[in-house]
Amino acid sequence: IAKKKPHIIMVVMDDLGSNDLGLHGTGIHTPNSDSLAQEGIYLDNYYVLPYCSPTRASLMSSKYPIHTGVAHPLPADSTAGLPLDLETLPDLLKRGGYQTHAVGKWHLGYSKWEYTPSF
C-alpha cells in the first residue's frame with residue numbers, strides 16, 4: 001500500500017513575537033495557533049527580516065533576500081516582484097505531486113498577473 005503524502009500547511013504570522021502565543025504560558029488565549037503547533041511541526045529556531053516582503057521572498061525561495069531582488073518591502077504600486085524564473089517552494093511541491101494554494105497577504109509582486117500566487 002502506497003503511503004499517503006502528508007498535508008502541508010504553512011502559516012506565516014507577521015509581527016508576532018513568541019510571547020504572543022498561549023502555548024508559551026503567556027496567558028494569551030490563542031487556541032487555534034496552539035493546536036496547530038502542538039499537532040504539527042512547530043519551528044522555534046529561525047531568523048526573519050524586519051519586513052514582510054524580504055521574509056516571504058526568503059521563505060518561498062530558500063535564498064537570502066539580496067539574492068531574490070526583494071530586499072525591501074514591496075508597496076502595492078510597485079512594478080517589482082519575486083523574479084518569475086526563481087524556483088519557489090510551491091514549484092517544488094507541485095513537482096512532487098502536491099496542489100498548492102495561497103491565502104492572505106502576498107507582498108511579492110502585484111503589477112503582473114504572473115507575480116501573483118494564483119498564476
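**Group meeting talk: a chain with three helices**

Hi everyone, let me start with a residue out in the open: Ile9, which counts as exposed because its relative accessibility is 68%. Before I go on, please keep in mind that this is a predicted model. Ile9 sits in the segment that precedes helix 1, and that helix covers 31–39. Ile9 also has company, since a nonpolar surface patch of about 460 Å² is formed by Ile9, Val11, Met13, Leu16 and Leu36.

Let me step back to the whole chain for a moment. How many helices and strands does the secondary structure hold? The count is 3 helices and 0 strands, and reading from the N terminus the elements go α-α-α. The C-alpha atoms fit a box of roughly 45 × 45 × 20 Å along the principal axes. The chain has 119 residues, and 24% of them count as buried. Its accessible surface is about 9,300 Å², with 56% of that belonging to carbon and sulfur atoms. As for contacts, if you take those between residues at least 6 apart in sequence, 47% join residues at least 24 apart.

Staying with the segment before helix 1, have a look at Thr26, which lies there too. Thr26 is partly exposed, because its relative accessible area is 31%. The Thr26 side chain reaches the backbone nitrogen of Ile28 at 3.2 Å. Setting aside neighbours within four places in sequence, Thr26 is in contact with Asn19 and Leu21. For a sense of scale, Thr26 and Tyr98 are 72 residues apart in sequence, and their C-alpha atoms are 36 Å apart in space.

Now to helix 2. Is helix 2 largely enclosed or largely open? Largely enclosed by the rest of the structure, because 9 of its 10 residues, in the range 52–61, are buried. If you want to click through them, the buried ones are Cys52, Ser53, Pro54, Thr55, Arg56, Ala57, Ser58, Met60 and Ser61. Part of the cover over these buried residues comes from helix 3, residues 89–95.

Two of those helix 2 residues, Ala57 and Met60, turn up again in the largest nonpolar core. That core has 8 residues, and the others in it are Val70, Leu74, Leu82, Leu86, Trp106 and Leu108. Pick Leu86 and look around: not counting residues up to four places away in sequence, Leu86 touches Ser61, Lys63, Thr68 and Asp91.

My next stop is Ser53, also in helix 2. Ser53 is buried, because its relative accessible area is 0%. What does the side chain of Ser53 have within reach at the backbone of Leu74? A polar atom of that side chain is 2.9 Å from the backbone nitrogen of Leu74. The Ser53 side chain also has a polar atom 2.8 Å from the backbone oxygen of His107. Beyond its neighbours within four places in sequence, Ser53 contacts Val70, His72, Pro73, Leu74, His107 and Leu108.

That brings me to His107, found in the segment after helix 3. His107 is partly exposed, because its relative accessible area is 22%. His107 is not a glycine, yet its phi is positive, at about 55 degrees. As a reminder, most residues other than glycine have a negative phi.

Ser62 does something along those lines. Just after helix 2, Ser62 takes a positive phi of about 65 degrees. Ser62 belongs to the loop between helix 2 and helix 3. Is Ser62 buried or exposed? Exposed, because its relative accessible area is 71%.

One last item, on charges. How many salt bridges does the structure hold? It holds 1, and the side chains that meet in it are those of Glu87 and Arg95, at 2.4 Å from N to O. On the acid side, Glu87 counts as partly exposed because its relative accessibility is 40%. On the basic side, Arg95 counts as exposed because its relative accessibility is 61%.

So, to put the pieces side by side: helix 2 is largely enclosed, Ser53 within it is buried and has polar atoms of Leu74 and His107 in reach, and Ile9 is exposed in a nonpolar patch. Thanks for listening, and I'm happy to take questions.

Methods
Residues are numbered from 1 along each chain as its sequence is written. This is a predicted model: local features need pLDDT of at least 70, side-chain atom pairs count only at pLDDT 80 or more; totals for chains, interfaces and linings use all residues. Side-chain values use heavy atoms; hydrogens and water are left out. Buried means under 20% relative accessible area, exposed over 50%, partly exposed in between (1.4 Å probe, protein chains only). Helices (H or I, at least four residues) and strands (E, at least two) are DSSP runs, numbered from the N terminus. Contact means heavy atoms within 4.5 Å. A salt bridge is a side-chain nitrogen of Lys or Arg within 4 Å of a carboxyl oxygen of Asp or Glu. A nonpolar core is a set of buried Ala, Val, Leu, Ile, Met, Phe, Trp, Tyr and Cys residues joined through side-chain atoms within 4.5 Å. Patches are made of residues with over 30% relative accessible area and no salt bridge: like charges are joined within 9 Å, nonpolar side chains (Val, Leu, Ile, Met, Phe, Trp, Tyr) within 5 Å. Accessible areas come from the Shrake-Rupley method with a 1.4 Å probe; for residues, only the protein chains shown count as cover. A polar contact is a pair of N or O atoms within 3.5 Å; within protein, one must be able to donate a hydrogen and the other to accept it, and residues adjacent in sequence count only if both atoms are side-chain atoms.
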